[in-house]
Amino acid sequence: MKKFVTLLMLTFLALAVQAQILTPVKWNIKLEDSDSAEKTLVFSAKLDAGWHLYDMNLPEGGPISTSFSFENLKGAKAIGTPIASKEATTVFDEQFQMELRWFAGEVSFRQKIEVTDPKHLQVNGYVEYMACNDENCLPPEQEEFAFSAKDIDVEKTLAALTPKESTDNAPQEVTQDTVVTEPDVADEASAATPEYVPEKEPQVYQSEELWKPVVDELKAFGDSTISATDTSWLFIFFAGFAGGLIALLTPCVWPMIPMTVSFFLKRTKDRKKAIRDAITYGLSIIVIYLVLGLLITGIFGASALNDLSTNAIFNIIFFLLLVLFAISFFGAFELVLPASWTNKLDTKADSTTGIISIFFMSFTLVLVSFSCTGPIIGTLLVQAATMGAAIGPAVGMFGFALALSIPFSLFAIFPNLLQSMPKSGGWLNSVKVVLGFLELALALKFLSVADLAYGWRLLDRETFLVLWIVIFALLGCYLLGKLKFSHDSDLKYVSVPRLFMAIISFAFSIYMIPGLWGAPLKAISAFAPPLYTQDFNLYDNEVHAAFDDYEAGMAYAKQHNKPVMIDFSGYGCVNCRKMEASVWTDARVKDLLENDYVLITLMVDDKTKLPEPIRIQENGKTRTLRTIGDKWSYLQRSKFGANAQPFYILLDNEGKPLAPSYAFDEDVNKYIQFLERGLEEFKK
């Protein structure tokens, strides 16, 4: 059993670990030959689960479009523009106030070319693209390609050319940065674009010391971002474990504890065998729920589950599902499975012996308790599906079953503990109603995602806050006995736990009221719609960087003997805006950034052209840096070993790290500790 548990945990860890240099898009570029002069360039992209690649020709002011550029096109000419293999998903993005199109899973683009001089054919260029998921947007990347006469059948192509074409073999060139995804651009640029001459030696910086990699120094600090693992699975596990503990307090599960214990006590008087049976029973519960979680992943697929977080239709379904669960908890109806199922399993448990009998008993518990555990499990699976973890449902169900099975096993082993248990009564129904209020509040989060995706503006931030204020105020009234449902027992007095829970609920409602006038409400920033959806906002306390150039900012810091904070950001980085709105606006953070640090913000998707392209060697490949964003993205990768934004790093004025890096985390106190640690190290 210990080996099994160890193997299970190692499997979870192996699935969860991921490198910090993210490469969610894998390209396969090939030139399809044919017997005619017309050939096809095929650009095939395969995306990791949860990631999407933006479509071509997006409007100005949005994220970077996928584009295909020829730096050198000799002996051929482009025909038309690239064509995608499938239709892009279209979503209205509130942040950019425009409709965005993207692809998930796999997609290919086909660009036709007509070969005019097969013997001297040369095709060189690059694909520029940008990939995002629900948490990160990576800087624009470039995938280069090169083909020549050796990639086609020259003789067949020559034979296919018409006499006019075969005699007119003057090389036709398309030079650097001629983009073929825009109509007519190729023809206009072919005559006017200057020839590109690559540099002999890679050079991207003014000061070699400032660009020197510091990945090892960051790891020596114990940097959790550079040596990151995906801990979303751990969050799901603990969410499932908490859900299992809550499920124990429901009217369907609590009375099953003494009934289950009596079932095992009747089976044998051998204490050792009773203990083994109780442990087997607990493991059976875990196996049933774990298999259920694996089935859900297997049926829907990891990619489908990861895509739910950005799919408006599914978010609407989740919203309606959670509202249904909340109404059920309020007592309007019961979610009950057919009685024949539980009766048959109960009969099997009584008529069989050994492990099979125990397994049927555990299955009976799962079905009998469904009316109470179903809404909790449903909420858990919804959360797991939108966390971007492929094994999320299985991990969540494992945590849920573990919490549910432990008490049953313990009470079966130590039956005298049952004497100290409170008896079933009205308090169990109160637990269900409280869960109903929480389900209703959580449902609004999913409706908000759909509302932002479609641009309905039905659930702007102030509307969302009003609903949450009312929900938690009503919850406080219920806990004090001022609100009563038809199936509630009479409340003769308010117990101390109910009083404190009511105080917390009312206090939370009052806390949210200033948000109606624009207060950041950092405690719920992960749930509430973005601040820019609020119509009436009196809050204006933003922080802006003093420099947008690395070398210039470092020179200023050295001149004034101050530490530096580099903010790797992007125009299309939503989480960057969240950090600026919820963390940088804190008075203490604002003071530290403006007075104690030199703040440098580097936009990795800045499309401003460099004075001249720069050739660099990276991971055994030659790359070309063409824009300012390319340069800052390369700085982040080469010097700090990361490529996701937001990414914050503290340096002395010589380019050495002062503390571990910091990624997306809206905990203000953690951010202040991060900044203060850097100051202490700098003063040393």
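A residue counts as buried under 20% relative accessible area, as exposed over 50%, and as partly exposed in between. Lysine 26, at 41% relative accessibility, is therefore partly exposed. The structure considered here is a predicted model, and the terms just introduced are applied to its residues below.

The chain comprises 684 residues, of which 50% count as buried. Its secondary structure consists of 22 helices and 17 strands. The accessible area of the chain is about 32,200 Å², and carbon and sulfur atoms supply 60% of this area. Contacts between residues at least 6 apart in sequence were also examined; 75% of them join residues at least 24 apart. One pair distant in sequence is formed by alanine 220 and alanine 659, which stand 439 residues apart along the chain, while their C-alpha atoms are separated by 9.6 Å. Alanine 220 belongs to helix 5, which spans residues 215–220. With a relative accessibility of 69%, alanine 220 counts as exposed, because the cut-off for that class is over 50%.

Charged side chains were considered next. Side chains of opposite charge can pair when their charged atoms come close. In this model the count comes to 14 salt bridges. One of them joins aspartate 48 to lysine 26, with the closest N and O atoms 3.3 Å apart. Aspartate 48 is located in the loop between strand 2 (38–47) and strand 3 (52–54), whereas lysine 26 is part of strand 1 (residues 25–32), so this salt bridge ties together parts that are 22 residues apart in sequence. Aspartate 48 has a relative accessibility of 33% and counts as partly exposed; lysine 26, at 41%, likewise counts as partly exposed.

A salt bridge also links the side chains of lysine 39 and aspartate 33, with an N to O distance of 2.6 Å. Here the two partners fall into separate classes: lysine 39 is buried, at 0% relative accessibility, whereas aspartate 33 is partly exposed, at 35%.

A further salt bridge is found between glutamate 141 and arginine 637, at 3.8 Å from N to O. Glutamate 141 lies in strand 11 (residues 141–148) and arginine 637 in helix 21 (residues 628–640), so the pair connects parts of the chain that are 496 residues apart in sequence. Glutamate 141 counts as buried, with a relative accessibility of 13%, and arginine 637 also counts as buried, at 13%.

Aromatic side chains were then analysed. A search of the whole structure yields 33 aromatic pairs. One aromatic cluster is made up of Trp27, Phe43, Phe68, Phe70, Phe103, Phe109, Tyr129, Phe145 and Phe147. Aromatic rings also have charged groups placed over them. The charged end of arginine 626 sits over the ring of tyrosine 126, at 3.4 Å from the ring centre. In addition, the charged end of arginine 498 sits over the ring of tyrosine 478, at 5.8 Å from the centre of that ring.

Finally, nonpolar residues at the surface were examined. Leu491, Val494, Val496, Leu499, Phe500 and Ile503 together form a nonpolar surface patch, with a combined accessible area of about 520 Å². Among the members of this patch is leucine 499, which lies in helix 17 (residues 496–512). At 38% relative accessibility, leucine 499 counts as partly exposed, because this value falls between the cut-offs of 20% and 50%.

Key. Residues are numbered from 1 along each chain as its sequence is written. This is a predicted model: local features need pLDDT of at least 70, side-chain atom pairs count only at pLDDT 80 or more; totals for chains, interfaces and linings use all residues. Side-chain values use heavy atoms; hydrogens and water are left out. Patches are made of residues with over 30% relative accessible area and no salt bridge: like charges are joined within 9 Å, nonpolar side chains (Val, Leu, Ile, Met, Phe, Trp, Tyr) within 5 Å. Accessible areas come from the Shrake-Rupley method with a 1.4 Å probe; for residues, only the protein chains shown count as cover. A salt bridge is a side-chain nitrogen of Lys or Arg within 4 Å of a carboxyl oxygen of Asp or Glu. Helices (H or I, at least four residues) and strands (E, at least two) are DSSP runs, numbered from the N terminus. Buried means under 20% relative accessible area, exposed over 50%, partly exposed in between (1.4 Å probe, protein chains only). Rings of Phe, Tyr and Trp (its six-membered ring) pair if their centres lie within 6.5 Å; planes under 30 degrees apart count as stacked, over 60 as edge-to-face and the rest as tilted. A charge sits over a ring if NZ of Lys or CZ of Arg is within 6 Å of the ring centre and within 35 degrees of the ring normal. Contact means heavy atoms within 4.5 Å.
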